Amino acid sequence: MSSTLPTTQKALYLLSPKGTFSVAPNDVSSPGEGEVLIRIESAALNPVDWKMHDYDFEIPKYPFILGLDSAGVVVAVGGGVTKVEVGDRILHQGLGNLRQAVFQEYTVASEDLVAKIPSHISFDEASSLPVAVATAAVGLYAPKAKDGGAALIAPWKEGGIGKYADQPILIIGGSSSVGQAVIQYAKLSGFNPIITTVSPSNNDLVKSFGATHTLDRNKGLDTLGESIKEISSKPLTVIYDAISLPDTQNAAYKILADGGTLILVLEEEVKEEDRVRGKDMVTPWGNPPLQGEFGKEIYAQLGAYLENGDIKPNKVHYVPGGLSSIPDALDLLRKNKVSGKKVVLRPPQTV
Ligand SMILES: NC(=O)c1ccc[n+]([C@@H]2O[C@H](COP(=O)([O-])OP(=O)(O)OC[C@H]3O[C@@H](n4cnc5c(N)ncnc54)[C@H](OP(=O)(O)O)[C@@H]3O)[C@@H](O)[C@H]2O)c1
């Protein structure tokens, strides 16, 4: 590794179960075979960050470093790396461990799981994408049994672009980060109409991504079926519930057509007595670093989609103060104070 790179860095540690956070030093890792070392310029927050803290889940050992969404610059490459080079601007999804987490200044990733950031997208914007894109793409296109996807033909596969032309799709929560990415993949897949539930203040936002019809999510879920029939009389065989609270799941399941698939982002909560044969449910896990081949497929296409504007980033809500700002910023997500935006910070600003 270059002698100009630091050997230690600042990281935000979660010290104990449900406990406090503290900025302290961590080693800067050397990239292994096929890996790159990234200087993180921007990191974004996800609901899972506060959930892991508050519910003490998926954390094998303390102290622990959280953080999944990253955008930065390649500063060193390991042996055999051919797809990226030092100086490339890239985005990627981290993994919860001291070496690969994102709430620190440097991290490592496989060269197969990074995407180059085109010059028209800032680091802040780019950091809004990894988890959302992965969760959307896995949910729509990954194999059912293996990765929890609906097994639709992906737009990057032969015949995949526009494959579902003139079939309706409903996306519950189109202004969420995951929802925004689902709308954009649905557009690539040809779905039409693309119907989504949002607060009216986000109507223009979701239409800018490709939604054709918006339904006011504050009007309640009882009339969802009738509202959709006014837009399309075709069977609704794909619903992506990007919110997946018990009420949205149950409402979505009721209006799903026979033979259809309901894609959920949280655990299934559909009432046992309402379940029928022939209506499928899947729960994707948007985690390319642990997803093997499908994760690589997503990243093999992502750079081109960003370059040509097929996939656009979230609007961002930037918080100053670097890693130290994270504990308070997580409260914005915890208290549902974020609408249509991704909360982003810059690790190099940490004092
Ligand atoms: N399975 C996985 O791998 C995976 C991956 C990522 C996220 N998730 C989960 O997916 C959920 C969404 O994550 P996210 O990062 O996309 O969230 P987010 O961007 O923080 O969500 C905020 C948005 O949710 C919308 N919203 C909230 N309640 C709604 C409702 N009842 N109906 C419609 N829209 C609603 C709000 O819309 P308006 O402001 O327009 O009202 C707001 O824009 C979280 O529970 C998260 O933990 C799971």
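Which side chain meets D54 in a salt bridge? In this predicted model, the partner is R334, with 2.8 Å from N to O. The rest of this report starts with the overall fold and then comes back to that pair.

## Overall fold

Counting up the secondary structure gives 10 helices and 16 strands. The radius of gyration is 20 Å, close to the 20 Å the globule rule gives for 351 residues, so the protein is as compact as a globular protein of that length. Lay the C-alpha atoms along the principal axes and they fill a box of roughly 65 × 45 × 35 Å.

Contacts at a separation of 6 or more lean on distant partners: 67% of them involve residues 24 or more positions apart. As for burial, 55% of the 351 residues count as buried.

## Surface and charge

About 15000 Å² of the protein is exposed, and carbon and sulfur atoms supply 50% of that area. On the charge side, there are 33 positive and 40 negative side chains, and the centres of the two sets sit 3 Å apart.

## Salt bridges

Side chains of opposite charge can pair when their charged atoms come close. Here the count comes to 14 salt bridges. Back to the opening pair, D54 and R334: D54 belongs to helix α1 (residues 47–55) and R334 to helix α10 (residues 326–334), so this bridge links distant parts of the chain, 280 residues apart. R334 is partly exposed, at 24% relative accessible area.

A second bridge joins D280 and K144, again at 2.8 Å from N to O. D280 lies in strand β14 (residues 280–282) and K144 in helix α4 (residues 144–147), so the pair ties together parts 136 residues apart in sequence. Both ends are partly exposed, with D280 at 31% relative accessible area and K144 at 32%.

## A shared network

D331 and K335 make a salt bridge too, at 2.9 Å from N to O. D331 is partly exposed, with a relative accessible area of 25%. Through bridges that share partners, D54, D331, R334 and K335 end up in one network.

## The loop between α5 and β10

Is S189 buried or exposed? S189 counts as buried because its relative accessibility is 0%, under the 20% cut-off. S189 is placed in the loop between α5 (177–188) and β10 (194–198). Leaving out residues up to four places away in sequence, S189 touches Y141, I153, P155, G160, G162, K163, Y164 and A165.

P193 lies in the loop between α5 and β10 as well. The peptide bond leading from N192 into P193 is cis, with omega near 0°.

## Other backbone oddities

The loop between α1 and β4 (64–65) holds P63, and the peptide bond from Y62 to P63 is cis, with omega near -5°. E58 is found in the loop between α1 and β4 too. Although E58 is a residue other than glycine, its phi is positive, near 65°. E58 counts as exposed, at 58% relative accessibility.

N336 is another non-glycine residue with a positive phi, about 55°. Where does N336 lie? Its place is in the loop between α10 and β16 (341–345). With a relative accessible area of 70%, N336 is exposed.

Terms used. Residues numbered from 1 in each chain as written. Predicted model: local features only at pLDDT ≥ 70, side-chain atom pairs only at ≥ 80, totals over all residues. Heavy atoms only, no water. Helix = DSSP H or I, 4+ residues; strand = E, 2+ residues; numbered from the N terminus. Rg over C-alpha atoms; globule rule 2.2 N^0.38 Å. Buried < 20%, exposed > 50% of the residue type's maximum accessible area, 1.4 Å probe, protein only. Contact = heavy atoms within 4.5 Å. Areas by Shrake-Rupley, 256 points an atom, 1.4 Å probe, with all protein chains shown as cover. Lys, Arg positive; Asp, Glu negative; His and termini not counted. Charge placed at Lys NZ, Arg CZ, Asp CG, Glu CD. Salt bridge = Lys/Arg side-chain N within 4 Å of Asp/Glu carboxyl O.
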